[in-house]
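Work through these three exercises with the model open. Try each task before you read its solution.

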Amino acid sequence: MGIKRKQNYRKTTMRRELFKYISVLGISCIVMIVLYLIFTWAAMLIGFILPANYNEQYINQIAPKVKSASVVTEAVIPPGSAYIVLDKKNENKWYGNMEEKDIAIARKVVAGNVPTYYGQKVYSVIEREQDYCVIQSYLRPQFSSPVLKKYLPDFEWTSIVILIGLIITASFIITTIFAKQFSKNLNILSKMTNSIKNQDLDFEQQHSTIQEFDDVMVSLIEMRDALKNSLETQWKLEHTKKEQIAALAHDIKIPVTIIKGNAELLSLSDQSEEQSLYTKYILNAGDKIEQHIRLLIMMSKTEEALTVQKNNVSLSALVYNLIEDTKAYSKYKSVEIVYKTEHQDDIDIYIDPSLLHRALMNILTNAVDYTPEQGKIMLDMAYQNQRIFFTITDQGNGFSSEALEKGVQLFYRGDKSRNSDGHYGMGLTFAEYVIKLHNGTLLLQNDPVTGSGQVKVELNVSSAI
């Protein structure tokens with residue numbers, strides 16, 4: 001099945017998309033920084049932000065006032081600055097609010113030992129008649145608004161935090177946009193894989209804008225087509241196999257009927273005891289062959305052909321018929337059927353009586369065949385919450401580990417520990433199939449006490465299904 005590629009899709013690659021993402025992210029960061037610089041420059045033009053040398057210029061303007069003032073106060077110096085007044089003779093501190101560590105630098109500035117600019121601080125010296133007034137201010141932009149100065153005293157850190165926040169926001173938006181594009185393509189892949197997982201193989205081919213994703217989608221379509229062809233081929237083979245089994249079973253019925261007919265005629269004639277025994281063996285073998293032929297025909301039917309016709313049936317009647325038919329079957333071995341139940345009241349259950357009877361009889365007859373002469377078969381039954389639980393235990397050798405795994409497979413006969421003549425691996429297969437049609441389960445195990453073979457059946461017998 002060919003794959004048609006649509007050519008009207010603009011294709012890109014993961015490498016290109018990754019490069020685009022990094023490029024867009026880098027450009028957005030550069031744009032944020034440029035906008036930050038433009039905003040700062042514009043804010044300085046309109047006076048919203050004061051430049052870094054504003055205090056220094058302001059101090060130059062107020063220098064005459066400071067020289068003529070009898071006493072320098074904080075009201076004279078720029079807001080946010082510190083000052084100290086030093087004696088001219090020995091440079092002792094007279095008064096001021098400058099910190100001690102900065103006073104030592106102020107003395108050095110007055111003595112000319114250090115530059116006026118010290119780090120981000122600038123020291124302005126105003127010489128008066130009897131003293132020096134040293135004003136310390138910062139070389140950094142600041143807000144002109146007193147309110148902003150109070151709550152956001154450091155413009156640099158405030159603006160950096162805002163810039164980082166904008167970069168993070170832009171990165172989140174860009175990442176989200178690119179992630180949605182990838183998520184859209186991943187959702188398409190997920191839907192296709194889920195359709196294949198659920199065996200829905202009729203979904204339409206879809207395309208992605210990313211080349212790598214599109215290649216995976218094309219591979220999934222090819223896998224879908226191969227799987228569909230494989231399933232169709234397998235179904236045809238199974239269908240042919242079932243038809244051949246059914247035809248062979250019908251063909252076998254003719255010679256079996258002839259054999260049984262002649263054996264029955266022989267049984268009516270005068271025979272010795274030994275001849276009568278051999279004739280009985282032939283008739284018993286013919287009955288078993290007919291039983292297996294019926295199972296073959298039943299197993300060759302498709303699931304659609306085997307319909308379930310449920311109705312309300314007496315539980316006690318079902319169990320009674322099972323026990324009586326098993327007793328009749330087990331007469332040749334004198335096997336005892338031990339029935340146990342804690343449920344005494346008769347109830348109606350919603351089942352297909354014919355199919356379920358045949359399915360349970362397959363399990364019971366197997367148990368008879370695997371139980372030695374004069375042995376016992378335990379049939380335990382329990383009823384609870386619209387569910388029936390049957391436990392059938394024989395006194396045979398028990399199931400091997402391989403049989404516990406494969407015992408219900410069609411034609412399985414690999415269990416050497418439970419050899420019995422006339423069994424061809426169909427009875428348990430049919431039983432499990434019928435039990436599943438009744439929304440039940442069949443479990444093979446060995447009795448934990450005796451080690452004998454044990455089959456557990458659970459059935460849903462409610463009509464509200």
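At 10% relative accessibility, Arg224 counts as buried (under 20% relative accessible area, 1.4 Å probe, protein chains only). This is a predicted model, where local features need pLDDT of at least 70, side-chain atom pairs count only at pLDDT 80 or more, and totals for chains, interfaces and linings use all residues. Residues are numbered from 1 along each chain as its sequence is written, and side-chain values use heavy atoms, with hydrogens and water left out.

**Exercise 1.** Place Arg224 and list its contacts beyond four places in sequence.

Step 1: Find the element. Arg224 sits in helix H6 (residues 211-268); helices are DSSP runs of H or I with at least four residues, strands runs of E with at least two, numbered from the N terminus.
Step 2: Set aside neighbours within four places. Arg224 then contacts (heavy atoms within 4.5 Å) Ile196, Leu201 and Phe203.

**Exercise 2.** Determine how helix H1 (residues 14-46) packs on helix H5 (residues 155-197).

Step 1: Take the angle between N-to-C directions, on a scale from 0 to 180 degrees, using axes fitted to C-alpha atoms over the stretch in contact. For H1 and H5 it is about 155 degrees, with the axes 10 Å apart.
Step 2: Classify. H1 is therefore roughly antiparallel to H5 (over 145 degrees).
Step 3: Check the residues. Those of H1 that meet H5 include Met14, Leu25 and Thr40; on the H5 side, Phe155 and Phe182 are among them.

**Exercise 3.** Identify the buried residues of H2 and what covers them.

Step 1: Locate H2. It spans residues 54-68.
Step 2: List the buried positions: Asn55, Glu56, Ile59, Ile62, Ala63 and Val66.
Step 3: Look at the cover. It includes strands S4 (117-118), S5 (121-127), S6 (131-138) and S7 (142-143).

Key
The expected span of a helix is 1.5 Å times one less than its number of residues. Buried means under 20% relative accessible area, exposed over 50%, partly exposed in between (1.4 Å probe, protein chains only). Angles under 35 degrees count as roughly parallel, over 145 as roughly antiparallel, 65 to 115 as roughly perpendicular and the rest as oblique.
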